Amino acid sequence: MNKIRVIIVFLLCSLASVAIADEEALVQERMVSIRAEGKQLDGLVIGAQARLDFIYVDAALVEALRTPSGFPDWLRWHAKDFASEELKGGALFVLRIETYNPWTFDPTKISVADYALKDEDILTKPAYVPKGDLPSRFEGSLSFRVPGLKLKPGQEIIISYGEDKATFRVPKGR
């Protein structure tokens, strides 16, 4: 009887770790990171003031977020904007910010596929939008829309913050 319990516990733990790995993969393939004000040196980024993780929210991610799992609460919170009236005909992104040093953040320095973000594109309530001077080791997030942006699987777009850029490839649906 004890062997059966051990086997059941082992199988449940194995299934849980597979589910967590799937969740991480789902987010990773929808994410691109920018190291703000960092310099590339032999594959390393040095001197960055902050890390900006841009996560593209699509139907597959929203569907996965509906199940109880290990997704972070901030991602669940912002992904709810996928159903908002303001998003119609556009794309939704969630931005996660982590500062390494005191740093000044201005959301209007964000550009996605040649579209410069405006204050009215930010879907997070103004009281919760990280903006201005941020302290070291600050972590925050916000959601924003890119009006009229229709993304196709495999398509590549440039996401930038000021002079810092990254190429994002739209994932294939699941």
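Is Leu26 buried or exposed? In this predicted model, Leu26 counts as buried, because its relative accessibility is 5% and the cut-off for burial is under 20%. Leu26 belongs to helix α1, which covers residues 2-28. A partner from further along the chain can also be placed here: Ala64 is 38 residues away from Leu26 in sequence, yet the two C-alpha atoms are 8.6 Å apart in space.

We can turn next to the interior. The largest nonpolar core is built from 31 residues, and Phe93 and Phe144 have the most contacts inside it. Strands β1 (31-36), β4 (50-57), β5 (90-99) and β6 (103-105) each give two or more residues to this core, as do β7 (110-112), β10 (139-147), β11 (156-161) and β12 (164-169). A second core, separate from this one, holds 14 residues, among them Val27, Val62, Leu87 and Leu123.

The surroundings of Phe93 are worth a closer look. With neighbours within four places in sequence left aside, Phe93 touches Ile55, Tyr56 and Val112. Its contacts also include Leu142, Ser143, Phe144 and Val146, together with Leu149, Leu151, Ile157 and Ile159.

The surface offers a nonpolar feature as well. Leu41, Leu44 and Ile46 make a nonpolar patch of about 280 Å². Leu41 sits in strand β2, residues 39-41. With a relative accessible area of 45%, Leu41 is partly exposed; this value therefore passes the requirement of over 30% for residues that make up a patch.

How values were computed: Residues are numbered from 1 along each chain as its sequence is written. This is a predicted model: local features need pLDDT of at least 70, side-chain atom pairs count only at pLDDT 80 or more; totals for chains, interfaces and linings use all residues. Side-chain values use heavy atoms; hydrogens and water are left out. Patches are made of residues with over 30% relative accessible area and no salt bridge: like charges are joined within 9 Å, nonpolar side chains (Val, Leu, Ile, Met, Phe, Trp, Tyr) within 5 Å. Accessible areas come from the Shrake-Rupley method with a 1.4 Å probe; for residues, only the protein chains shown count as cover. A salt bridge is a side-chain nitrogen of Lys or Arg within 4 Å of a carboxyl oxygen of Asp or Glu. Helices (H or I, at least four residues) and strands (E, at least two) are DSSP runs, numbered from the N terminus. Buried means under 20% relative accessible area, exposed over 50%, partly exposed in between (1.4 Å probe, protein chains only). A nonpolar core is a set of buried Ala, Val, Leu, Ile, Met, Phe, Trp, Tyr and Cys residues joined through side-chain atoms within 4.5 Å. Contact means heavy atoms within 4.5 Å.
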